[in-house]
Amino acid sequence: QMSAQLVPEQPEPYVRAAKAQQALAAAAAKEEKKDEAAGFLQQALETLAEGRRRDDRYGSNWVFTITLLLAEGRRADAEKVLTDAVAAAAGAQDAALQDALLEAARLLKNRDVMERAAMAGVRLRPNRADRHLVLGQVLEARREPDWAGAVGEYEAAANLEPENERVLAAL
């Protein structure tokens, strides 16, 4: 059993330890040792939970936790983790955390959270074309697309980076 006490004040070692535990689970599953694989995956989830208890603003933890839960068919648990991530990110002035929240919401196809995270990304980094491009894509992907809003974001991106091929393709 791997210990999550590697560097207690740092969140990244928990994600790294969980990835190692996931690799052990995959190796056990390949050898058809289902109980052992399930044990390693449970250890990975516990390691990630401990990392979040120590620092709930480390976005990679949220994304990896949701990825593992979805792979295990535990969508309801993944939705709960996303709810916790939204609470942790509320009011955060950290663009990387908002990016992770956007990725976590994409995994679950939660359009509302995706839109809030994309808007926060533009608010935090208004001079980044990629932020406007992502928000435009999210607005376009709504159940009822906001075409005017999407085009406005694509135009803002084009004004910031007129030679960017991804931006030009969106227009």
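**Helix packing in a predicted model**

Modeller: In helix 6, Met114, Glu115, Ala118, Met119, Gly121 and Val122 meet Arg131, His132, Val134, Leu135, Val138 and Leu139 of helix 7. Contact here means heavy atoms within 4.5 Å. Helices are DSSP runs of H or I with at least four residues, strands are E runs with at least two, and both are numbered from the N terminus. The model is predicted, with local features needing pLDDT of at least 70 and side-chain atom pairs pLDDT 80 or more, while totals for chains, interfaces and linings use all residues. Residues are numbered from 1 along each chain as its sequence is written, and side-chain values use heavy atoms, without hydrogens or water.

Biologist: What makes helix 6 roughly antiparallel to helix 7?

Modeller: Their axes, lines fitted to C-alpha atoms over the stretch in contact, are 9 Å apart at an angle of about 155 degrees. That makes the pair roughly antiparallel, as angles run from 0 to 180 degrees between N-to-C directions and those over 145 count as such (under 35 is roughly parallel, 65 to 115 roughly perpendicular, the rest oblique). The crossing of helix 6 and helix 7 is left-handed, a term for a near helix turned anticlockwise from the far one by less than a right angle (clockwise is right-handed).

Biologist: How do you know how helix 7 runs relative to helix 8?

Modeller: Helix 7 and helix 8 (residues 147-160) have axes that come within 8 Å and cross at roughly 165 degrees. The pair is therefore roughly antiparallel. This crossing is left-handed too. Its contact includes His132 and Leu135 of helix 7 and Trp147 and Tyr154 of helix 8.

Biologist: Why is glycine 39 of helix 2 (residues 34-54) called partly exposed?

Modeller: Because its relative accessibility is 29%, between the limits for buried (under 20%) and exposed (over 50%, 1.4 Å probe, protein chains only).

Biologist: Which residues of helix 5 are buried, and what do they pack against?

Modeller: Among them are Leu97, Gln98, Leu101 and Leu102. The buried residues pack against helix 3 (59-71), helix 4 (75-89), helix 6 (111-124) and helix 7 (129-140).

Biologist: What is the span of helix 5 set against?

Modeller: Helix 5 (residues 95-107) reaches 19 Å, close to the 18 Å expected for its 13 residues, taken as 1.5 Å times one less than the number of residues.

Biologist: What lies at the start of helix 5, and what follows helix 5?

Modeller: A side-chain oxygen of aspartate 94 reaches to within 3.0 Å of the backbone nitrogen of alanine 96. Lysine 109 follows helix 5, with a positive phi near 55 degrees.

Note on methods. Polar contact = N/O pair within 3.5 Å; in protein donor to acceptor, adjacent residues only side chain to side chain.
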